[in-house]
Amino acid sequence: MKQRFVLSGLWELPFGKGKKALTQGSAAVIAGGWALTGITTLSSGIPFTLGLNFDNANTGNVNWPNRIASGKLDNPTVGRWFYTSAFIFPAQYVQGNAGRNILTGPGTVSTDLSLQRSFRLPLRDSMRLEFRAEGFNIFNTPQLGQPNVTVGAAAFGVVGSTARPSRQLQMGLKLLF
């Protein structure tokens, strides 16, 4: 992929003993010690190669179509990711001129967040209980899969799947001793 940007961070919330806000009382005990972490990924799509739905060149390998135009659309949609009419079957026993990785699939926009806190347990000094609430793809942005790349297929040029699941939430406890 041509471009990829990843930003991650950790923020210890400013509440509780020794922090800027809510430093005393029961509110400090409840709100103190929490941390928020996150990671955001933005990337361009992965290149893909078109192929024919049969061995037209009789080579036993992947056969490419002929490319008669760019094939790139300014505003691709799920139902039409590229200009399918730009690719045609070559003459029989001829390998097409389309080549490898000539078009690019959908990119990625995803943010994961986590809220966590570690509680000291009075049983032993080294014992802690860690609570964690996590959200993956928290903004529920569709992560589209690659389009159908087989010339001659009914769904040629159509994005028919997702690459990653939609929003997922989970919570967990971990005992450290």
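This section describes strand pairing, selected residue environments, a surface patch and two unusual backbone angles in a predicted model.

Strand β9, residues 128-136, is paired with two other strands. It runs antiparallel to strand β8 (residues 108-120), to which it is joined by eight bridges. Within this pairing, L129 of β9 stands opposite F119. Strand β9 is also joined to strand β11 (residues 168-176), again in antiparallel orientation, by nine bridges. Here E134 has Q170 of β11 as its bridge partner.

E130 is a further residue of strand β9. Its relative accessibility is 19%, and E130 is therefore classed as buried, the limit being under 20%. Beyond its neighbours within four places in sequence, E130 is in contact with R117 and S118, as well as with G172, L173, K174 and L176. By contrast, A154 is 24 residues from E130 along the chain, and the C-alpha atoms of these two residues are separated by 51 Å.

A second buried site is found at N63, a residue of the loop between β4 (51-52) and β5 (66-67). The relative accessible area of N63 is 3%, which means that this residue is buried. A polar atom of the N63 side chain lies 2.5 Å from the backbone nitrogen of A57. With neighbours within four places in sequence left aside, the contacts of N63 comprise L50, G51, L52, F54, D55, N56, A57, N58 and Q95. A57 thus appears both in the contact list of N63 and as the backbone partner of its side chain.

At the surface, F5, L7, L42 and V109 make a nonpolar patch of about 360 Å². Of these residues, F5 lies in strand β1 (residues 4-12). F5 counts as partly exposed because its relative accessibility is 46%, a value in the interval between the limits of under 20% for buried and over 50% for exposed residues.

Two loop residues were examined for their backbone angles. Most residues other than glycine have a negative phi. Y93, although not a glycine, has a positive phi of about 65°. This residue is located in the loop between β6 (87-88) and β7 (103-104), and Y93 is exposed, with a relative accessible area of 55%. N137 likewise is not a glycine and has a positive phi, of about 50°. N137 is placed in the loop between β9 and β10 (150-151). With a relative accessibility of 5%, N137 counts as buried, whereas Y93 is exposed.

Conventions:
Residues are numbered from 1 along each chain as its sequence is written. This is a predicted model: local features need pLDDT of at least 70, side-chain atom pairs count only at pLDDT 80 or more; totals for chains, interfaces and linings use all residues. Side-chain values use heavy atoms; hydrogens and water are left out. Helices (H or I, at least four residues) and strands (E, at least two) are DSSP runs, numbered from the N terminus. Buried means under 20% relative accessible area, exposed over 50%, partly exposed in between (1.4 Å probe, protein chains only). A polar contact is a pair of N or O atoms within 3.5 Å; within protein, one must be able to donate a hydrogen and the other to accept it, and residues adjacent in sequence count only if both atoms are side-chain atoms. Contact means heavy atoms within 4.5 Å. Two strands pair if DSSP finds at least two bridges between them. Patches are made of residues with over 30% relative accessible area and no salt bridge: like charges are joined within 9 Å, nonpolar side chains (Val, Leu, Ile, Met, Phe, Trp, Tyr) within 5 Å. Accessible areas come from the Shrake-Rupley method with a 1.4 Å probe; for residues, only the protein chains shown count as cover. A salt bridge is a side-chain nitrogen of Lys or Arg within 4 Å of a carboxyl oxygen of Asp or Glu.
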